[in-house]
Amino acid sequence: AKDKAVRQAFVKAIDREGLVKSLFRGLAFPSYSIFNWGSTAFDPAQKDATYDPEGARRLLANAGYKPGEIEFSIITYTLQQPVIEWIQRDLAKVGVKINIVSLEWLTYASKLNTPTPETALFTMEWGFITPYWLKLAYDTYIVSRGGGEKVVDPQLAPAIARAAAQTAEARAIDEWKKANLIAQRDAAFVPLLSPTVNFIAHKRVKGFNVPLQNFYDLSTVWLDK
């Protein structure tokens, strides 16, 4: 959405705690930042917004929008449809109508490069533990799909560039946190949740290390007798 107030209201309107408890039965935790728990730049105190539907309604009203006046589409893939239906219900409570376009993965992936004008958001599930993930997400989604750099806070791009240019880790982490704060205040992203991953292995399986992200090194795995 071009209007910052609409983006901020969107974030406030989503009950991420309820989403995790209901749909994921506690096998996930709500995300309030694009940095995940494994990132060196993750700060639990940095939250974009807490669940506040009344605050979302006030933001929209102060921006001049009447209930039912805002309507847009979210494209997603079939695996994520239940999550988007949850969001659809939450947004309806603050007077925003969402149309869901759910596609199988290959069709969905092809449409990401050419979003239609009525498409306000699309879903994606991935990430990295490196803070550089913020730059990847900004370049890959905000800039390359729809020219979002013209819509978000103009200070976000230079802040990300400063963070990416740092060579000392402590300074880099500080700069990444500053850039992330701009993204959060501007509601540039809508973080939802991080699923927990459980592994089951026979006691004979040796050498398997649980990775911090979804890249597995199976070259060290072996079976004991």
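The lining of the largest cavity comprises five nonpolar, three polar and one charged residues (Ala, Val, Leu, Ile, Met, Phe, Trp, Tyr, Cys and Pro count as nonpolar, Asp, Glu, Lys and Arg as charged, and the others, Gly among them, as polar). To display this lining, select Ser 33, Ile 34, Asp 48, Asn 180, Ala 183, Gln 184, Ala 188, Phe 189 and Pro 191. A cavity is a set of points on a 1 Å grid over the protein atoms alone where a 1.4 Å probe fits but cannot get out, and lining residues have an atom within 4 Å of a point. The volume of the largest cavity is about 50 Å³, and the count is one cavity of 30 Å³ or more.

The model is predicted: local features need pLDDT of at least 70, side-chain atom pairs count only at pLDDT 80 or more, and totals for chains, interfaces and linings use all residues. Residues are numbered from 1 along each chain as its sequence is written, and side-chain values use heavy atoms, without hydrogens and water.

Next, select helix α3, residues 53-62 (helices are DSSP runs of H or I, at least four residues; strands are runs of E, at least two). Its buried residues (under 20% relative accessible area, 1.4 Å probe, protein chains only) are Pro 53, Gly 55, Ala 56 and Leu 60. Viewed down the axis of α3, these fall within an arc of 160°, so they line one face of the helix; the arc is that of the directions from the helix axis to the C-beta atoms. Add α1 (4-13), β2 (70-77) and β3 (96-103), against which the buried residues of α3 pack (contact means heavy atoms within 4.5 Å). Then move to Gly 64, just after α3, which has a positive phi of about 95°.

Finally, colour the chain by pLDDT, the predictor's confidence in each residue, from 0 to 100. Its mean is 92, and 99% of residues reach 70 or more. Among the elements, strand β4 (residues 119-122) has the lowest mean pLDDT, 85, and helix α7 (residues 156-165) the highest, 98.

Conventions: Buried < 20%, exposed > 50% of the residue type's maximum accessible area, 1.4 Å probe, protein only. 1 Å grid on protein atoms, 1.4 Å probe; cavity = no way out; pocket = protein on both sides within 12 Å on 5 of 7 lines; lining within 4 Å. Points joined across faces, edges and corners; volume = space filled by probe spheres on them.
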